[in-house]
Structure formats: structure tokens, C-alpha cells
Amino acid sequence: MKQTMTMIDNRDGKSYEFEIKEGTRGPSVVDISSFYPQTGMFTYDNGYTSTASCTSEITFIDGNKGELRYRGIPIEELANKHSYLDVCHLLLTSKLPTKEESLAFDLELRHRSFLHEGLINMFNSFPTNAHPMAALSSATASLSAFFYNHLEMKDDYEYQEMARRIVAKMPTIAALAYRHSIGASFIQPDISKSFTENFLYMMRAYPHNRMHIDPEGERVIKPIEIQALDTIFTLHADHEQNASTSTVRGVASTGAHPYVAISAGISALWGRAHGGANESVIKQLEMIGSVDRVDEFIARAKDPNDDFRLMGFGHRVYKNFDPRAKILKSLQDQLKDELNLDSNLMQIANKIEQIALSDEYFIKRKLYPNIDFYSGVILTALKIPTSMFTPIFVIGRTVGWITQWIEYKKSKGAKIARPRQLYVGK
Ligand code: SDX
């Protein structure tokens, strides 16, 4: 028996009926696809705060409880017990790999991590002061020229090959963008290293001709650094229909190449309201400079006439602690001594959190620290430059974007994303 909702137009008493659809978790939806044909009106939802754009089996978020699951498994379990690559396997195939599958998947990604010489040469045309995100989105879009065959894929094998290719290459592209921005030579992937270690190696290794001498001396990669970054990748892997994922699905809906859809996702993520927030958090903590000035900036964040916002605070979905922020906060505490985290930045961050969580302005609006609030302090301790914070978010999120892209392409009755408007012009 269909469940329905009736809407009455109080102007003429006419009533309209719409079907209610249940999910396996979370809020039900009212299917309003017949709203315009029935009523001659559009619905309006600025920023899509109450709008579901699709059905999905990939990621579930309960914003009130502060719960996040990939393929039904809680993020806490995945972050504490599984590698990022096992999480990629889970997202892409719907199941965690066996030991053999895990080894085979790891080996496949290592071999797919190399870039075409033509793509590498393309970086030489970028100005060295280009933000790595500009290089990342351009290079990713250009990958579509090197893998034109992915425009038409006919079976799961081809979808998986296309997906594993882009997941494997993203760290290499990101490291190349960074090396170019510091005038250092490109370091090819070393397939004897794991996914996450290889990224740190490609970022930091010394070229044989020692062009880039690090004033702090040779940076040996510590196992704790690999583990911390691997966890950060896992926490960023997917997040339901956020702005960049919706962008990827929107580009997918026109039938464009999957890699230009990922490039569009990178561009959307760059904004400081979204993935660019992690870089802005550190810049904001450095601007605040000391715990004595925290009150001044909290007051500015609350001032309706001041467009200053606390970066790393608030979330469209989480009206409770972002579960990823909780995991990062405990990771921060674990790493404090191992990686001598910047205690001043941490003290400022902790003071902001302590004040904001007891202040009526933030409590009333349910503004809590989000994932970006803590990731920057850890990434700084990993000697990752702030310009690479959002590229690291990209590396983690690429698997989520491409999984969502595949789900869209395989969904029955998928339509081109084409919203309407309320016209207020002449
Ligand atoms: C990510 O969607 C995802 O899932 C994203 C993400 C993912 O994994 O993909 O989780 C990653 O993008 C995390 C969010 C990172 N962005 C930031 O940290 C930037 C700072 N936060 C905000 O700009 C804001 O909170 C958003 C963009 C995150 C959410 O914006 P909403 O849901 O549109 O909320 P809003 O702008 O309507 O704010 C509601 C109220 C407003 O006050 P009133 O007009 O009601 O008086 O809360 C206030 C806002 O002014 N507010 C803030 C604030 N965030 C919201 N006030 C001060 N500081 C803030 N950070």
C-alpha cells in the first residue's frame, strides 16, 4: 500500500497527493517529481537544505546523532581497524577485501600510480606559484584526453578499471603539483611503497641532484606519520551528497567523461565553505595568534554585521559533533608528543572549541567543530604545507566521488540534473 502526503493550496482549497518513500536508514522522502505537472508550481529550497537528489547505498549520515557509515559500517570501526585502501575497496565493491583481495588491490593501485609523460610535461606550463588545487583540477581534466576509452564503458570490469586508475593517480598528480610549486623535480612513484607512504615520499624525497635542499635536513618518513595520514584519507573518503559530490553527479548526468566530472568535484571542493576550510582553519588560527585574542574573534563570528566566520565550525548536516572531528581530535592527542604538534595552534583551537561549545550563539545554531577544524593541526605536524591541505582532501575523496559517479551511471531512470527557478526579473 502506497504511503502518501496530501498538500492543500489554501488559495483555492485544491489538494495534491504525493508518494512517501522509505529508505533503510534515516528520513523518508516525499516524491515531488509530479509537483510541477500537478500544481503548475515549482518547489523552492535554497541550498537544497531539505532536498534529496538521489537514492544511494554508499554513505549514510545521521546529522543529529553525529553518525557516519560507509556501506553500513561505522566510520569509527573503519578508521581504527582498516587501511584507507581497504576502505576504497569497500566503497568501490561494497565489501571489505579478504587478505588476498587486499594485496591484489594494493598491487594494482601501485602499478596504476604512474602518469603519462605528456601529462607530466603539462605541468611545466603552470606558473610555479600556481595553487596546487589549480594544477590538480586541470591535470585531472586532462587525464580524460589520455584515457578517452572511458567515455563509453560497458561492464563492471571497465568501471572498476577506470575508478582504480584515478584513485591510484591522484596522489601522484597532487605530489607533482606540489613539487612544481616549490621548483623541485618530480619524483616518480616507488612501487615498493604503500599508497600513503608513496605520497609522502613523492612529496618529500630528495631528487638525486639535490635541487631542493630542506633546511630541516632529510625528512625520514615515520610509520606514525603514514598511519595518521592514512586515517585522514579514510575520514575524507566519502560524505553523501555534499557540494562537490553533487557537482560530480551533476556532470555525470550530462554524459561527460568521468575524469572531467572528478575535476569539477575538485573545483567545487576548493571553496573555503567546503574542502578549502582546512587550509583556512590554519590561516585563521595563525591570524588569531594567541589564546588571548580568541574572545575577539568569537565576538566577530557572532556579529551579524561581520562576515567573519569561524573556519572549521558548523555543518549543513551535522547538528552534533562531526564524528570525523572526534576521531581526529583523539588522533591529535595521540600524536601530540610523537609529532610535536604546534602547541600554540592547538591551544588556540582548544580555546575556540571550549568557548564556542558553551556559547549560546553556537549552541542555538548547533554549530560544532567539523572535520576541517582538527585536520590542519595534524597535517601541519606532518610537515604538509597548508597549500596541500585541500589536495589531501582530494586524494581521500576521489574514491567517494568516483563511487558516486558509478552509482549514478548504473541507476535506473537517472535523469540530467536540471533544476528550475523562481524568476524575479523584468
Ligand atoms: C565540509 O556537506 C558536507 O558533507 C561537507 C564536508 C564533506 O565531507 O564533504 O563535510 C566537508 O565542507 C565541512 C564544512 C567546512 N566548512 C567550514 O568549516 C566553513 C565554515 N562553516 C560555514 O561556512 C557553514 O557552517 C557551512 C557552510 C559549513 C554550513 O552552512 P549552512 O548549513 O548553509 O548554514 P548557514 O550558513 O545557513 O548558517 C546557519 C547559521 C547562520 O546564522 P543565522 O543567519 O541563522 O544568524 O549559523 C551561522 C550562520 O551565520 N554560522 C556560523 C558558522 N557557520 C554557520 N557562524 C559563525 N561561524 C561559522 N562557521
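**Exercise 1. State which residue of β6 stands opposite Arg69.**

Solution. Arg69 stands opposite Pro74 in β6. The model is predicted, so local features require pLDDT of at least 70 and side-chain atom pairs pLDDT 80 or more, while totals for chains, interfaces and linings use all residues. Residues are numbered from 1 along each chain as its sequence is written, and side-chain values use heavy atoms, without hydrogens and water.

Next, consider the strands. Strand β5 (residues 67–70) pairs with β6 in the antiparallel sense, over two bridges. Two strands pair if DSSP finds at least two bridges between them. Strands are DSSP runs of E with at least two residues, helices are runs of H or I with at least four, and both are numbered from the N terminus.

Finally, place the pair in its sheet. The sheet is open, has three strands in the order β4-β5-β6, and is paired antiparallel. β4 (59–62) and β6 (73–74) are at the edges with a single partner strand each, so one side of each has no neighbour in the sheet.

**Exercise 2. Trace the pairing of β2 with strand β3, and with strand β1.**

Solution. Begin with β1 (residues 3–8), which pairs antiparallel with β2 (residues 15–21) over six bridges. Within this pairing, Met5 has Phe18 of β2 as its bridge partner, and Thr4 stands opposite Glu19 in β2. The hairpin of β1 and β2 has six residues between the strands, and Gly13 takes a positive phi near 75° there.

Then turn to β3 (residues 29–31), which three bridges join to β2 in an antiparallel run. Glu19 stands opposite Asp31 in β3.

**Exercise 3. Describe the surroundings of the ligand.**

Solution. First, count the residues: 23 surround the ligand, and the closest are His239, Leu310, His315, Arg324 and Arg397. A residue counts as near if one of its heavy atoms lies within 4 Å.

Second, classify this shell, which divides into nine nonpolar, seven polar and seven charged residues. Ala, Val, Leu, Ile, Met, Phe, Trp, Tyr, Cys and Pro count as nonpolar, Asp, Glu, Lys and Arg as charged, and the others, including Gly, as polar.

Third, list N or O atoms at short range. A backbone N or O atom of Ala273 lies 2.9 Å from a ligand nitrogen atom. Side-chain N or O atoms lie 2.9 Å from a ligand oxygen atom in His274 and 3.2 Å from a ligand oxygen atom in Arg365. Of the 1,100 Å² that the ligand exposes when taken alone, the protein buries 74%; accessible areas come from the Shrake-Rupley method with a 1.4 Å probe.

Fourth, assign the shell to domains: domain 2 (80–273 + 395–410) and domain 3 (277–381) each supply at least three residues. The bounds come from an automatic or database domain assignment.

**Exercise 4. Summarise the overall dimensions of the chain.**

Solution. The chain has 18 helices and six strands. Its C-alpha atoms fill a box of roughly 80 × 60 × 50 Å along the principal axes. The C-alpha centres of domain 1 and domain 3 lie 38 Å apart; domain 1 covers 3–52.

For 426 residues, a compact globule would have a radius of gyration near 22 Å, and the chain's 23 Å agrees with this. The radius is taken over C-alpha atoms, and the globule rule is 2.2 Å times the number of residues to the power 0.38.

Methods:
Polar contact = N/O pair within 3.5 Å; in protein donor to acceptor, adjacent residues only side chain to side chain.
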